Amino acid sequence: MLSTQLIYGIAGIVLFVLSLRVAFSTELFLRQVLAINVAGAGLFLTLLSVAFKGLEQPADPIPQALVLTGIVVAFSATALALALGKKLAENSPDER
Amino acid sequence: MENLAWYILDAMLIIALIGLAWLTLTNHNLRQAIIFFIAFGLLLALVWFRLAAPDVALAEAAIGAGLSGALFLTSLSQQKQTNKKDDPLKTTSTKFFDSFQNQFLNLLFVILALVFSAAFVFALMEADPDRLSPTVLMNLEQTGVSNPVTGVLLDFRAYDTMLELAVLLSAALGIMALGPVKTHYYPSGDMLSSLSQWLVPILILFSGYILWAGAHSPGGAFQAGALLAAAGVVLNLTGDRQVKLPNYWLLRGLTIGGIAGFLIIGLLLMLSGRAFLDFPSQWSGTLILFIESFATLSISIILLIAFQSGEPQEWEHESKKLALKNTAGKTKIKGKTLC
Amino acid sequence: MNDSLIWLFAAPLLASLLSVLLPRKAVLICLFAVSITLISSLIVLSTVIESGAFYYALSGWQTGLAISLYVDGLSALMLVMTAIIATAISIYATAYFHNAEQQRFYWPLWMMLLCALNVLFIAADLFNLYVGLELLGLTAVALTAIDGKPEAIRAAIRYLVVGLLGSLAFLAGVSLVYTAYGTLDIAAISEQIQVNFYSGLIVTFITIGLIIKTALFPMHFWLPMAHANAPAVVSAALSALVIKVAFYLIIRLWLELFSDFNNVGISYLFSTLGALAILWGGWNALHAQRLKLLAAYSTIAQIGFLFMALGMILLLPDGEVRNTLIGGTVILAITHGFAKSALFLAAGIIQQHAGHDRINELSGTAQRLPITTFTLTLAGVALIGLPPSGAFLGKWYLISSVVAEGLWLWVAIILIGSLLSAAYIFRLLGHAFGRIERPKRLLAIGREEVPALLLALTATLLLAFTAAPLWSILENASGVYG
């Protein structure tokens, strides 16, 4: 069980760092938003790996609640970001 | 032997996950990137399932993969509409290994990954593996629900959930402030129309079930709200002119209903001498279901507004708009029968 | 009395909901809610003065399982400051918008912003802080973009992306915290926290997240565009309150939860970054062509002063000098809140009258708006730190403790920074007082000018006299959350 936690936790960290790396190097807004989403997903993976207690016991509910909240918050931010991007593209069509 | 099977499964999941993330983030073609993102989200839902977190799996599939993906796709298509001269396949390439600056950044992030991983490993080794879980499970029956995640979200940490609904509402308000809905869909062909006639009622039914089931099995307000919103998205996509959101009062009322449920119940409890959101044990389950019902409707409307990415025409009074009214049989979604 | 704590966030939240439901009554509802917030904050302050800091366990469960709230002298002062400034801004806003169209989404979002601010000031749970910071960030971005102008949208996008990166850093810290310590309650964490490798990383992540949100150099680049291009009524809240709450969180965490991690390196880091912010902000403010841009750069410089003070606080050993400096920093922060909001509100009035806010062309407008010009002057005095403003007191204590430690470079930077402030303020006032014609009326738009004037008066005159009671209130703020 500990090993499962470790590999998923580190996988989450890899996702987090990878996405941040892309977020810092791209100029495309859409890709930045995608990267922020994947980075969040990475952190959620790390959190939930800590929650895992094997398949016989229920997983720790606190990280599950945190991640649920996080998913909704990430969606809200994404929706606002994309709407702003759309508005900018309408006003000045030469923007990306 | 059994452990080996799990290791292989885990290895495959993780490789696929990171691979999909890579394909999403480094893709030259944005449309492909978004589709990989949706696949990533669905695979992630599978991972949540493997990690014994089915509530999160449901939410991830519905919101993280489904609705987010839909959001990205419509955003991309709108971008293309305004940049007619850009070849949609040509995007800025991501160069990772060419310049010194990039290599330096790579090194920096690799160090970050190593440090973060090491910290994680040490923290995991030294920590008490139980954390808050036993405390939660011990006190769970006083919450009136038997699903611990629902108990945490709607009772122990209800304040955070209320604030999270506020975050959703704020995003929707911000989006609506930017302008009216601009994307309208053509009436769909036979396939989508007939599919939607089956799909939408099933989604509505499932939404109600998941809301109810959330008290004792995986599910809850967020998952149910997302399903309902998905029904709305499907109806939107069919381009049926007769489908509308609820009218002014009902629409605005339902939008604020989720937070209002939390606030009003919390304040009433406070004014009667208890702490804010301190549910009395015997009514706890009922109150939670009550709040969750309103939250489901709120969440679904807000998610739909976010998907439409603009102020719906039903948001303002009819008299303020120049839109022609539909005379023949208006149908409304959300709780009313389709005709 | 504990109920007042709840009304601090419940009133604005309820007002936001009702503003959505009944937009035509929105102004009335929001003004009422803001008054309730003001009264509640004063009740909370008096409770803290009488009986000291207190906790409130939400949802009725014991702390650790559920989320708790916490108020002490420091948070109570911040709450009162926020409530007063929010009241002034709200009154101003009733006259700011030209038509009902623009206001429709302003009031619900503004109330949400106020709710988020109060949530953050009373939070005692780490994930609660995260959600509160997200609410704050999204509402701030939405308000920045509310008038739909391309420059504002562009600034809002940058603000959002940078803010989200900050939140991710914060969340990374939170996930490590739960992994290592199994709890999210700050009091519980402070009992268990030890100085080791992973805890150091936790501290780093959370601090970086908050530094991004408080726009400390080098994470400051998003601020000038956002604060300069947002509507003035929004910029006032952004510069005075939104930035301040992130600084409050840094002070709170570093004085209590992270206090074991304090070392000379950290304090020098904060002070160096603060110094760079002072110089960069001051220099750019001097060259700013637009009034709101000047104000935005000035905010970066002022945050620099606050971080320099924090660095000094962390350097000093426990004792009288340190406590006095903490008091001085708080009064500096509060004064900046009043002064900067007054400045932005005045800039808004000028911009509405002249159609622009270019400093070089301000003369005629300033003559026609004598009260507003007076407000600008008072706010400027408070920003420079001239007596009798509260900022003077704060800077005095800062300089005296820096001198006592013999850190002459820092003294030089503080003085240069103050000189720069004086320079850009006097440049502004020089243009504003250019003589054209006689003023026709003393008060142009009462509901706009009076709140701005009162804020500036508070910054310049009142706050210095509140120093002594402030000190004693802050004494209730010693110790950790637990």
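**Three chains, helix by helix**

Let me start with one crossing: helix α3(A) passes helix α6(B) in a right-handed sense. The contact is made on one side by P61(A), I62(A), Q64(A), A65(A) and L68(A) of α3(A). On the other side, α6(B) brings P148(B), V149(B), G151(B), V152(B) and L153(B). By class, this contact of α3(A) with α6(B) has 8 nonpolar residues, 2 polar ones and no charged ones.

One caution before I go on. This is a predicted model. Please hear every number with that in mind.

Back to the geometry. Two packed helices are described by the angle between their axes and the distance between the axes. Here α3 of chain A covers residues 61-91, and α6 of chain B covers residues 148-156. Their axes come within 8 Å. The crossing angle is roughly 60 degrees. Why do I call α3(A) oblique to α6(B)? Because roughly perpendicular begins at 65 degrees and roughly parallel means under 35. At roughly 60 degrees, the pair is therefore oblique.

Now chain A by itself. How many helices and strands does chain A have? The count is 3 helices and 0 strands. From the N terminus on, the order is α-α-α. The C-alpha trace of chain A spans about 55 × 25 × 15 Å along its principal axes. What radius of gyration does chain A have? The value is 17 Å, whereas a compact globule of 96 residues would have one near 12 Å.

Next, the full interface between chains A and B. Chain A puts 64 residues into this contact, and chain B puts in 69. Which elements of chain A give two or more residues to the side that touches chain B? They are α1 (2-25), α2 (29-51) and α3. The largest share of that side comes from α3(A), with 23 residues. By class, the side of chain A that touches chain B holds 43 nonpolar, 14 polar and 7 charged residues.

Chain A also touches chain C. In that contact, 22 residues of chain C meet 23 residues of chain A. On the chain C side, the elements giving two or more residues are α6 (126-144) and α7 (150-181). The largest share there is 14 residues, from α7(C). The side of chain C that touches chain A splits into 17 nonpolar, 3 polar and 2 charged residues.

On to chain B. The domain assignment gives domain 1 (1-82) and domain 2 (148-339). How far apart are the C-alpha centres of these two domains of chain B? They lie 25 Å apart. Domain 1 of chain B gives 12 residues to the contact, and domain 2 of chain B gives 16. On the domain 1 side, those residues are 8 nonpolar, 3 polar and 1 charged.

One backbone detail in chain B. A52(B) is not a glycine, yet its phi is positive, at about 60 degrees. Where does A52(B) lie? In the loop between α2 (30-50) and α3 (54-82) of chain B.

Last, chain C. The secondary structure has 20 helices and 2 strands. The C-alpha trace of chain C spans about 65 × 60 × 45 Å along its principal axes. A compact globule with 482 residues would have a radius of gyration near 23 Å, and the 21 Å of chain C agrees with that.

Inside chain C, look at one helix pair. These are α12 (residues 264-286) and α13 (residues 291-315). Their axes come within 7 Å and cross at roughly 160 degrees. The angle label is roughly antiparallel because the cut-off for that is over 145 degrees; hence α12(C) and α13(C) are roughly antiparallel to each other. The crossing of α12(C) and α13(C) is left-handed. The residues of this contact divide into 22 nonpolar, 9 polar and no charged.

Two peptide bonds in chain C deserve a line each. F217(C) and P218(C) are joined by a cis bond, with omega about 0 degrees. P218(C) is in the loop between α9 (197-214) and α10 (223-229) of chain C. The bond from P387(C) to P388(C) is cis as well, with omega near 0 degrees. P388(C) is found in the loop between α16 (370-384) and α17 (390-405) of chain C.

That is the tour. Questions, please.

Terms used: Residues numbered from 1 in each chain as written. Chains lettered and ligands numbered in written order. Predicted model: local features only at pLDDT ≥ 70, side-chain atom pairs only at ≥ 80, totals over all residues. Axes fitted to C-alpha atoms, helices over the stretch in contact; angles between N-to-C directions. Helix = DSSP H or I, 4+ residues; strand = E, 2+ residues; numbered from the N terminus. Parallel < 35°, antiparallel > 145°, perpendicular 65-115°, else oblique. Left-handed = near helix turned anticlockwise from the far one by under 90°. Contact = placed C-beta atoms within 7 Å. Nonpolar A, V, L, I, M, F, W, Y, C, P; charged D, E, K, R; others polar. Domains from an automatic or database assignment. Rg over C-alpha atoms; globule rule 2.2 N^0.38 Å.
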